[in-house]
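The following exercises concern cysteine pairing and aromatic contacts. Please work through each task before reading its solution.

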Amino acid sequence: MNKEELCEKIRKIYPGIGRCGIDLNVNYDDKINQWCVSLIRDGKELKTYLETGDAELCIDDKQCLSLGIEITQLKDSIDRMPAY
């Protein structure tokens, strides 16, 4: 699995991410062995971390619950942030 696959899966589940003013960035953090998912809007950035196993299960279309919960919470938080 690579970051492009994870980005594509997130965009597939949440089509508004990566468009409409919400940018998406995904990187693997070798120090903690987790995927860092960032949403950026209006110069503000929020991050969440995904367990490698959870991300792989979702990429393989086996289970996306953990990824879905984390990204939904992140998206809801960035949507509530005031624009400047």
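**Exercise 1.** Determine why the sulfur of cysteine 7 is without a bond to another cysteine sulfur.

*Solution.* The closest cysteine sulfur, in cysteine 36, lies 11 Å from that of cysteine 7, too far for a bond. A disulfide is defined here as a pair of cysteine sulfur atoms within 2.5 Å. Seen from cysteine 36, the closest cysteine sulfur is in cysteine 7, at 11 Å. Cysteine 7 is buried, at 10% relative accessible area, and cysteine 36 is buried at 9% (buried: under 20%; exposed: over 50%; partly exposed: in between; 1.4 Å probe, protein chains only).

The model is predicted: local features need pLDDT of at least 70, side-chain atom pairs count only at pLDDT 80 or more, and totals for chains, interfaces and linings use all residues. Residues are numbered from 1 along each chain as its sequence is written, and side-chain values use heavy atoms, with hydrogens and water left out.

**Exercise 2.** Identify the disulfide and assign its handedness.

*Solution.* The structure holds one disulfide. Cysteine 58 and cysteine 64 form this bond, with their sulfur atoms 1.9 Å apart. The torsion about the S-S bond is about 100 degrees, so the disulfide is right-handed. Cysteine 58 is buried at 0% relative accessibility, whereas cysteine 64 is partly exposed at 25%.

**Exercise 3.** Classify the aromatic pair.

*Solution.* There is one aromatic pair in the structure. The ring centres of tyrosine 28 and tryptophan 35 are 5.0 Å apart and the planes stand at 70 degrees, so the pair is edge-to-face (ring centres of Phe, Tyr and Trp, its six-membered ring, within 6.5 Å; planes over 60 degrees apart edge-to-face, under 30 stacked, the rest tilted). Tyrosine 28 is partly exposed at 33% relative accessible area; tryptophan 35 is buried at 6%.
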